[in-house]
2 protein chains.
Amino acid sequence: MRIGELAQASGTPIETIRFYEREGLLPAAPRTEGNYRIYTPQHAERLGFIRQCRNLDMTLDEVRVLLRFKDQPLAACGEVNSLLDEHIGHVAERIRELRGLEKELRSLRAACLTPHVAADCGILNGIDQAGAHGAAQRKRRHVRGAH
Amino acid sequence: MRIGELAQASGTPIETIRFYEREGLLPAAPRTEGNYRIYTPQHAERLGFIRQCRNLDMTLDEVRVLLRFKDQPLAACGEVNSLLDEHIGHVAERIRELRGLEKELRSLRAACLTPHVAADCGILNGIDQAGAHGAAQRKRRHVRGAH
DNA sequence: GAAAACCCTGAAGTGAGTATAGAGTCAAGG
DNA sequence: CCTTGACTCTATACTCACTTCAGGGTTTTC
C-alpha cells in the first residue's frame, strides 16, 4: 500500500509517518519507480505499535527501547518491565502534581466571584502570593502538563 | 540590581530572564555604561508574577493576558475570571486522562510479572492490543503529559 | 596587571510533530 | 494527446518555553 492508505488505516497523519521514518522508528520503505513509498502489513503493524505507545504517552526514546526488544525476540525482557514501571511512576507523579495545581487554581478562582476593576481583582492580586504557602517549585518533568 | 542578582532572588535562570525580555513579558531593562541590564524591585515583582503563573502551568500567552490587566488597573477583570476557569478545565481534563492512562499502564504491567524472553513478554505483546477496548485516541491537549 | 566572575549578543537545539512551498507522478475524463 | 485532480515527493520552517553554545566584553578581586 502507499503512504496515504497506511495513514488512513492507522489514523496517523502522512507527515508523521515520514517523520517516523526519518527518526528511524520505521524502516525506510522501498519505493516504486515513481519514488512512492510502498508498505507491507508488517510496516502497518509496527506503526500500530508505535502509535499505541504514543497513546500510552511514552516518549519516542522509550518507544525505541521497546522496538529494540521487538526486534530481538530472544532477549530477556526485564528492561521492558522496568521501563514501564518508571513510566507509571512518572504518570502517577504528574497526576499528584496536577491535583495540587487544580486545588490552588480553584482557591485562586474563589477570590474573584464577580468581575470588578482589575486593580481590585482577587485573582490578579492572589497570584502574587500563590504558592507562598509551600507549593513546590515547578520542576523539569517527564509527563506533559496542561498545554 | 544586575541580572545575576535578580536571577538569584527569583530562582529564575539568567537566560530565562533575557528570554522574557525578548518576548516582551518584561520591559527592556535600562543599561549601565558597560551595557549591563539593571533592574528595580518593580522588575523583580513583575518577574515574580510571571513565574507564579508558570508555576500554575499557564502558557506565556495566558500570562500575557494577565499582565495586560495588571497594566490596566481600571479595566474590568471578567476576562481574567474566564481565563482561569478555562485553565482549570484544562487541568481537570488532563487529570482525568492521566488517570485512565495509569490504569491502562498498570494492567499492561500486570501482564509480565517475571522477566522472560521478549517474544513471550506480556507487555510487548499487550501493547499491540492496548486501548483496543475503547481507549480514546490521544488528542492535542493544553496541559502537558508525562514528559 | 592578571585571573576570576560576571555579563553581552546571536544562533542553534530540544520533542514530537505540523505546516508550507514547490515540484513530480498517476489515473480518469474529454 | 491533454488536462484535471488526487496523490506523493523533498526540504524547510514553525510550534513552545526555554536551554545551550560560541565568541566575545566588563567588572571585581587578588
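**Two protein chains on DNA: a working chat**

Q: Which residues are closest to DNA strand C?
A: This is a predicted model. In it, 20 residues surround DNA strand C. The closest are A:Thr16, A:Tyr36, A:Arg54, B:Arg18 and B:Arg37.

Q: Sugar, phosphate or bases: what does the protein meet on strand C?
A: Of the strand C atoms within 4 Å of the protein, 81% belong to sugar or phosphate. The rest belong to bases.

Q: Which side chains have a polar atom by a phosphate oxygen there?
A: A:Arg54 is one of them, with a side-chain N or O atom 2.7 Å from a phosphate oxygen of DNA strand C. For A:Tyr20 the distance from a polar side-chain atom to a phosphate oxygen is 3.0 Å. For A:Arg51 it is 3.3 Å.

Q: And which elements give two or more residues to that surface?
A: From chain A, helix H2 (14–22) and helix H3 (41–55). From chain B, helix H1 (3–10) and helix H2 (14–22). H2(A) gives the most, with 3 residues.

Q: How does the surface near strand C divide by class?
A: Into 8 nonpolar, 5 polar and 7 charged residues.

Q: On to DNA strand D. How many residues are around it, and which come nearest?
A: There are 22. A:Gly4, A:Arg18, A:Arg37, B:Tyr36 and B:Arg54 come nearest.

Q: What share of the strand D atoms within 4 Å of the protein is sugar or phosphate?
A: 81%, and the rest belong to bases.

Q: Where does a side chain meet a base oxygen of strand D?
A: At A:Tyr36, where an N or O atom of the side chain is 3.2 Å from a base oxygen of DNA strand D.

Q: What about phosphate oxygens of strand D?
A: B:Tyr20 has a polar side-chain atom 3.0 Å from one. B:Leu60 uses its backbone, with an N or O atom 3.4 Å from a phosphate oxygen.

Q: Which elements supply at least two residues each near strand D?
A: Helix H1 (3–10) and H2 of chain A, along with H2 and helix H3 (41–55) of chain B. H2(B) gives the most, with 4 residues. By class, this surface has 8 nonpolar, 5 polar and 9 charged residues.

Q: What rotation relates the two chains?
A: A rotation of 180° with 0.0 Å of shift along its axis superposes chain A on chain B, at an RMSD of 0.1 Å. That is the relation of a two-fold axis. The same surface serves both copies, as 100% of the contact residues of chain A recur in chain B.

Q: Which chain A residue comes closest to the axis?
A: A:Arg144, with its C-alpha at 1.4 Å.

Q: Now the core. How many residues are in the largest nonpolar one, and which touch the most other members?
A: It has 80 residues. A:Met58, A:Leu66, A:Ile127, B:Met58, B:Leu66 and B:Ile127 touch the most other members.

Q: What does A:Ile127 touch?
A: Leaving out residues up to four places away in sequence, A:Ile127 touches A:Leu108 in chain A. From chain B, A:Ile127 touches B:Phe49, B:Gln52, B:Cys53, B:Leu56, B:Met58 and B:Leu66.

Q: Last topic: which residues other than glycine have a positive phi?
A: Among them are A:Asn35, with phi near 75°, and A:Asp57, with phi near 70°.

Q: Where are they?
A: A:Asn35 lies in the loop between H2 and H3 of chain A. A:Asp57 is in the loop between H3 and helix H4 (60–71) of chain A.

Q: Is A:Asp57 buried or exposed?
A: Buried, with a relative accessible area of 1%.

Terms used:
Residues are numbered from 1 along each chain as its sequence is written. Chains are lettered from A and ligands numbered from 1 in the order in which they are written. Side-chain values use heavy atoms; hydrogens and water are left out. A residue is near a molecule or strand if one of its heavy atoms lies within 4 Å of it. A polar contact is a pair of N or O atoms within 3.5 Å; within protein, one must be able to donate a hydrogen and the other to accept it, and residues adjacent in sequence count only if both atoms are side-chain atoms. Ala, Val, Leu, Ile, Met, Phe, Trp, Tyr, Cys and Pro count as nonpolar, Asp, Glu, Lys and Arg as charged, and the others, Gly among them, as polar. Copies are superposed by least squares on the C-alpha atoms of residues with pLDDT of at least 70 in both. Contact means heavy atoms within 4.5 Å. A nonpolar core is a set of buried Ala, Val, Leu, Ile, Met, Phe, Trp, Tyr and Cys residues joined through side-chain atoms within 4.5 Å. Buried means under 20% relative accessible area, exposed over 50%, partly exposed in between (1.4 Å probe, protein chains only).
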